[in-house]
Amino acid sequence: MFPNAFKYEAPTSVDEAIRLMDEYGYDGKVLAGGQSLIPMMKLRVAAPAVIIDINNLNELKGWSKVNGKLRIGAVTRQAELEHATELREQFPILSRTARWVADPLVRNLGTVVGSLVHADPASDWGTAMIAVNAAVEARGPKGERLIPIDEFFVDTFASSLDENELAVAVHLPIPTKPVAARYMKLKRKAGDFAIAGLAVQVALDSDGRVSEAGIGICNCGPIPLRAVKAEEALIGERLTAKTIEDISKLVPEDADPVSDLRGSADYKKDLLRVFAARALREIAEELQGKVEVQ
């Protein structure tokens, strides 16, 4: 199918993009990677009157370290992060998540920030950003603000951005201690959405105890979710076999999946338990060299 007719705008600065968003309101739609927007337009699920293309805004490209955070610009491609070897030690979640997103064609054009703004509960990036406690940098006519990721998703396909606010970057805290991360999901076929998925990031202190823990849950609720009980229980613990077993059982308690053609709610919860145990075991082996038995 072909999309409805629309007006095309290509701003030359972020300020101009915001002015256009303010002018057109709900009639305008921002185009970054377009890997969600364009298919929706072709199916006429979305029919914006105006497309505001921000792809040529150099100030939204790439990443830098600012004030103890890694700042990733809004039109940075997922493939760039997948292959950025210089980021893998401090930000392992980026490459580990990117390789699970759809296929190379999508990753070559798709953006992390665009995925967050789309606010799909099956978003790989939304889940990963929860695990690393990220924040979205938004800019609008009233100025700038940082939105913690836990406040960013408000409902299915709905974020806390105002209609005239542009998400210009996402900020990831720079770890100060040894860190490891995993992203796991089960899907029916290559490129499909997750039946269920899990992002886990853990940092250890000098005594080998968990000092920071982040666990994001994918496609098991109306928005990407946080496994709060499991995170809290991890802090101060050693990654022993017993701890991993106990913590993995807590992860599904913060999930709210529904039964559908992909599987029952109970099946999806058990997937989260299995993913949590597997991720924590691999993280323990990476950070400690082994999983302690005691």
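Here a student and a tutor talk through the packing in this predicted model.

Student: Before we start, what should I know about the numbering and the cut-offs?
Tutor: Residues are numbered from 1 along each chain as its sequence is written, and side-chain values use heavy atoms, with hydrogens and water left out. As the model is predicted, totals for chains, interfaces and linings use all residues, side-chain atom pairs count only at pLDDT 80 or more, and local features need pLDDT of at least 70.

Student: Which helix gives the most to the largest nonpolar core?
Tutor: A nonpolar core is a set of buried Ala, Val, Leu, Ile, Met, Phe, Trp, Tyr and Cys residues joined through side-chain atoms within 4.5 Å; buried means under 20% relative accessible area, exposed over 50%, partly exposed in between (1.4 Å probe, protein chains only). The largest one has 85 residues, and Leu 94, Leu 116, Met 129 and Leu 172 have the most contacts inside it. Helices here are DSSP runs (H or I, at least four residues), numbered from the N terminus. With nine residues, the top contributor is helix 11 (residues 265-288).

Student: How are the rings of Phe 152 and Phe 153 paired?
Tutor: Rings of Phe, Tyr and Trp (its six-membered ring) pair if their centres lie within 6.5 Å; planes under 30 degrees apart count as stacked, over 60 as edge-to-face and the rest as tilted. A search of the whole structure turns up one aromatic pair. Its ring centres, those of Phe 152 and Phe 153, are 5.4 Å apart with planes at 80 degrees, so the pair is edge-to-face.

Student: Is Phe 152 buried or exposed?
Tutor: Its relative accessibility is 0%, so Phe 152 counts as buried.
The neighbour in the pair, Phe 153, has 5% and counts as buried too. So for Phe 152 the word is buried.

Student: What do the buried residues of helix 10 pack against?
Tutor: In helix 10 (residues 241-250), the buried ones are Thr 243, Ile 244, Ile 247 and Ser 248. They cover an arc of only 125 degrees around the axis (taken from the directions from the axis to the C-beta atoms), which puts them on the same side of helix 10. Their packing partners are helix 9 (228-234) and helix 11.

Student: Is Glu 89 buried or exposed?
Tutor: Glu 89 sits in the loop between helix 3 (78-82) and helix 4 (92-98). Its relative accessible area is 68%, so Glu 89 is exposed.

Terms used:
Helix = DSSP H or I, 4+ residues; strand = E, 2+ residues; numbered from the N terminus. Contact = heavy atoms within 4.5 Å.
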